[in-house]
Amino acid sequence: MVPYGQQDDQEVAWFTGSDPCWLPARRAARLATARTTLLGDDPVTAALGEDLRALAGPTGGPGPAEDDTTGRHLVVGTLERLTPEVLGTELTAALGSADVPAGEGFAVLARGGRVLLTAARPAGLRHGLGWLLRSQPGGWPAGDLVHVEEPRVDLRVLDHWDNMTDGPMGVVERGYAGDSIFFADGRVRTDAAALARVRDYARLVSSIGVNAVCLNNVNVHAAEAHLLDEHLDDVARVAAVLDAHGVRTLLSVDFSAPISLGGLDTADPLDERVAAWWAGVTKRVATTLPGFGGYVVKADSENRPGPHTYGRTHADGANCLAAALAPFDAVVFWRCFVYDCHQDWRDRSTDRARAAHDHFARLDGQFAPNAVLQVKNGPMDFQVREPVSPLLGALPRTGVAVEFQITQEYTGQQKHLCHLGQQWSEVLRFDLHAHGGGEPLRVADVAARSRRAGGAPTGVVGVANVGTDANWTGHALAQANLYAFGRLAWDPGLDPDLLLREWVEQTFELPADLAGELVEVMSRSWAVYESYTAPLGVGWMVRPGHHYGPDVDGYEYTPWGTYHFADRDGIGVDRTVATGTGYTAQYPAGWARVYEDVRTCPDELLLFFHHVPYSHVLAGGSTVVQHVYDTRFAGVEAVEESAATWERIAGHVPAATAENVRQRFAEQLRSAREWRDQVNTYFFRKSGVPDAAGRRIH
Ligand code: GCV
């Protein structure tokens, strides 16, 4: 036991040089002044004590000197540490009737001014602290309570696309918030400031329930391949910080590492020497990194090496790494983003949307128990609107994780406000069997399956949106995307609007009416972004390479398989069985029928599934071309309104945040006008159909 008041008085700062986002010290005003008893000397409990001291420090509450006057006493410890002597009679009795979850869940019990935060595992204590700060005023229950909570999903992962060096894709591939918090100049950052930043990050993400972070890009270059050997001790220092917050460390690995690092002449997953090499390396990694959680692999994808090179299947590849990881309770996340990126645009029979299902569905049941297939939420690539990937429903005998993109590659690059909680929630609530009879199978059920069925591990993964910017996410309001991701990964059934309210209330101190307005602006921002960019599910239309701003034909004659097929009569991709690529047949019968028929296909996905004339009348009543004009004009007006709302809010938030968001809105408005004008002009010139409202089209 470490009596709180007797710890060294070393100074610990609560968020050093970075924005505390949804964890400002003021939220812990009451918690920070309680007398605290920490039971246990494991790293998680120790770090938690450090947090409480930091909160009570110069920038936090009044500090432990006031302990005796508050009458508040906090006891923190895992179940096995609790004794009646420490708890006292009332808490002991309350604990007796509380059903503390076995895994990473937690329990908070309050009786007569004493609060117990307990869990079966240390990581649960972190999540419980997050709950206290989030849901209790001042971080302290107002009266007696028993609150028990556990995550619905086992694997709740943030994937960083961070590189060790700057390159054509930047230090952070698709990163819009500065450089990497983990790497710089070809090295792992282990200086005190960098590790403090990692600690702050770990606090943030563990408070919302994230339990694993992959440090490096799925595109593993020569430098990052050496994270497994020459940089391993440095990685261990970062991993120790994450581990102390209940967050496991993952590494992306290069499938051909047995050749590049091991000096073998092959990376064939069925070659014994390759298996032995992975086993040896993995043992060293797992025994060096505190809280090592496993590997992430992008294989046979976008020019990365993979098992196909050796005539092997993805199951062969994944199982080779899974075998090496199994002794260490670690998993391999095997990405299903596999498609032909050298397509001939003249060939209309090849459909990139089909690729993941075509490659992986037939392998269901062939993967090791600790292999997790990581499936992007849609069949293409994180567009503002896509149907849900049919592969998510086609792997009943395999571990699955749905992958979302928190970083806003195609959704405004953290220059535009585009809150994605609504999109992810829509995906998670999507019933893969809808209209087909039988039990509903929501994407959330797939992600939560391992908890319910005790089968292969399942989860939710997000591509992280943070960097070295002081506000973490470039656009201060994009913090809410990180927040929503973690909370939805913990419980995919949560209402995204409620999560926005939580985020706004925790992050700012706004009068109630302005808080409501901000929630509304953020809540509709995904729909607003959609309304001035690529219409009706067709996707892309972005500038090739960096993917920011409009270029309607930018990808039309490229090898990437991302076409809209606009001609003088119409637009859209025919993915029907009757006359198109047959993609609709990848869905269970109910959805296959809905998507196949142009009359039942939802408007917002019409051009994803069908090639239609510009005069086609939508369920909403207007023609395709008129819908394009109307929504593009409305989209820009909505951005103007959102920017005006921010001006009312700006005086109530820190000056740096006010200015940051103001500038981002100015850029969003400029860019939205560009989108509106290019898309409208394109459709007008192709179709020759004038705007019914006579507005200016160029
Ligand atoms: C990390 C898209 C992105 C790439 C990314 C890839 C992936 O193609 O543009 O930057 O690579 O997806 O998810 O692997």
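Guide: A polar contact is a pair of N or O atoms within 3.5 Å; within protein, one must be able to donate a hydrogen and the other to accept it, and residues adjacent in sequence count only if both atoms are side-chain atoms. The model is predicted: local features need pLDDT of at least 70, side-chain atom pairs pLDDT 80 or more, while totals for chains, interfaces and linings use all residues. Side-chain values use heavy atoms, without hydrogens and water, and residues are numbered from 1 along each chain as its sequence is written.

Visitor: What makes the pair between Glu173 and the ligand a polar contact?

Guide: A polar side-chain atom of Glu173 is 2.5 Å from a ligand oxygen atom. The limit is 3.5 Å, so the pair counts.

Visitor: Why does Glu302 also make a polar contact with the ligand?

Guide: An N or O atom in the Glu302 side chain lies 2.8 Å from an oxygen atom of the ligand, so the pair is within the cut-off.

Visitor: How much of the ligand does the protein bury?

Guide: The protein buries 96% of the 340 Å² that the ligand exposes when taken alone, by the Shrake-Rupley method with a 1.4 Å probe.

Visitor: Why are eight residues of the shell around the ligand called charged?

Guide: Asp, Glu, Lys and Arg count as charged, so those eight are of these types. Three others are nonpolar (Ala, Val, Leu, Ile, Met, Phe, Trp, Tyr, Cys or Pro) and three are polar (the remaining types, Gly among them).

Visitor: What makes domain 1 and domain 2 touch?

Guide: Contact means heavy atoms within 4.5 Å, and 29 residues of domain 1 are in contact with 30 of domain 2.
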